Amino acid sequence: MTEHTAAGPTPAVGAEVPVLERTIGLRDMIAYAGATWDWHRLHYDPEYLEARRLPAPVVDGQVFGALLVEQLQDWLGPRAVVRRLHFRFKNLVFAGDTVRCTGRVTAVDGDAITVEQRIVIVDGDEPERAAVEPAGAEVALRAPEER
């Protein structure tokens, strides 16, 4: 359960983090590469990918950390400060794939929240495949600014 106050949600143990779902297109990947200066050919070069028998460009692993943090900040708002983030890759994600981030609160200690998260690849009729698991974060909630 999540209690809502004027300062925003105050999560309790067991509360579900709202799902974040995103289709990661090649244009998104190129924009991300430009922002992070990561121009590895694995993320865009058809000849390089063909030589390695990969069906499409591979999504940069840093994207998943960004999605996990985005999911938490969308939920908790600007008072959320992610203190720690951890995640482990399970499967490659390719340009055009849709991923779904889920999460659940596992501990609350004052203004500190611990969340378990995971990211799955959602491919239409195919069963979900884990892209990132385990994953999680420690979040501190700052006091609302007085105005």
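User: In which strand does His86 lie, and what makes a run of residues a strand?

Analyst: His86 lies in strand β4, residues 80-89; strands are DSSP runs of E with at least two residues, helices are DSSP runs of H or I with at least four, and the numbering of these elements starts from the N terminus. This is a predicted model, in which local features need pLDDT of at least 70 and side-chain atom pairs count only at pLDDT 80 or more, while totals for chains, interfaces and linings use all residues. Residues are numbered from 1 along each chain as its sequence is written, and side-chain values use heavy atoms, with hydrogens and water left out.

User: Is His86 called buried, partly exposed or exposed, and why?

Analyst: The relative accessibility of His86 is 45%; buried means under 20% relative accessible area, exposed means over 50%, and partly exposed lies in between, with a 1.4 Å probe and protein chains only. His86 therefore counts as partly exposed.

User: Which residues does His86 contact, once its neighbours within four places in sequence are left aside?

Analyst: His86 is in contact with Pro134, Ala135 and Gly136, where contact means heavy atoms within 4.5 Å. A further spatial relation is given by C-alpha atoms, since those of His86 and Val132 are 10.0 Å apart although the two residues are separated by 46 residues in sequence.

User: What makes Arg84 and Glu138 a salt bridge?

Analyst: The closest N and O atoms of the pair are 3.6 Å apart, and a salt bridge is a side-chain nitrogen of Lys or Arg within 4 Å of a carboxyl oxygen of Asp or Glu, so the pair qualifies. The pair links distant parts of the chain, with Arg84 in strand β4 and Glu138 in strand β7, 54 residues apart. Arg84 is exposed because its relative accessibility is 57%, whereas Glu138 is partly exposed at 37%. In general, side chains of opposite charge can pair when their charged atoms come close.

User: How do you know that Glu128 and Arg100 form a salt bridge, and where do these residues lie?

Analyst: Their side chains meet with an N to O distance of 2.5 Å, a value that satisfies the rule already given. This pair also links distant parts of the chain, since Glu128 is in the loop between β6 and β7 and Arg100 is in strand β5, 28 residues apart. Glu128 is partly exposed, with a relative accessible area of 45%. Glu21, Arg100 and Glu128 are linked in a network of salt bridges, and the rule gives a count of eight salt bridges. Another of them joins Arg129 and Asp123 at 2.9 Å, N to O; Arg129 is partly exposed at 31%, as is Asp123 at 25%.

User: Why does Asp38 have no salt bridge?

Analyst: Charges are assigned by residue type, with Lys and Arg positive, Asp and Glu negative, and His and the chain ends not counted. For Asp38, which is buried, the nearest side chain of opposite charge is Arg41, 11 Å away, and so no salt bridge is assigned. Asp38 is found in the loop between α1 (26-36) and α2 (46-51), and, not counting residues up to four places away in sequence, it touches Ala33, His43, Asp60 and Gln62.

User: What makes Leu26, Ile30, Trp37, Trp39 and Tyr44 a nonpolar patch?

Analyst: Patches are made of residues with over 30% relative accessible area and no salt bridge, like charges being joined within 9 Å and nonpolar side chains (Val, Leu, Ile, Met, Phe, Trp, Tyr) within 5 Å. Tyr44, in the loop between α1 and α2, has a relative accessible area of 37% and is therefore partly exposed. The five residues of the patch together have about 590 Å² of accessible area, as computed by the Shrake-Rupley method with a 1.4 Å probe, where for residues only the protein chains shown count as cover.

User: How do you know that β5 and β6 pair, and in which sense?

Analyst: Two strands pair if DSSP finds at least two bridges between them; β5 (residues 98-109) and β6 (residues 112-122) have eleven bridges in the antiparallel sense, and therefore count as paired. Among the partners, Cys101 has Ile119 and Val105 stands opposite Val115. The two strands form a hairpin with two residues between them, and Gly110 in the turn has a positive phi of about 65°. On the other side of the pairing list, nine bridges join β6 to the antiparallel β7 (residues 129-141), with Thr114 opposite Glu138, and six join β3 (residues 16-23) to β5, again antiparallel.
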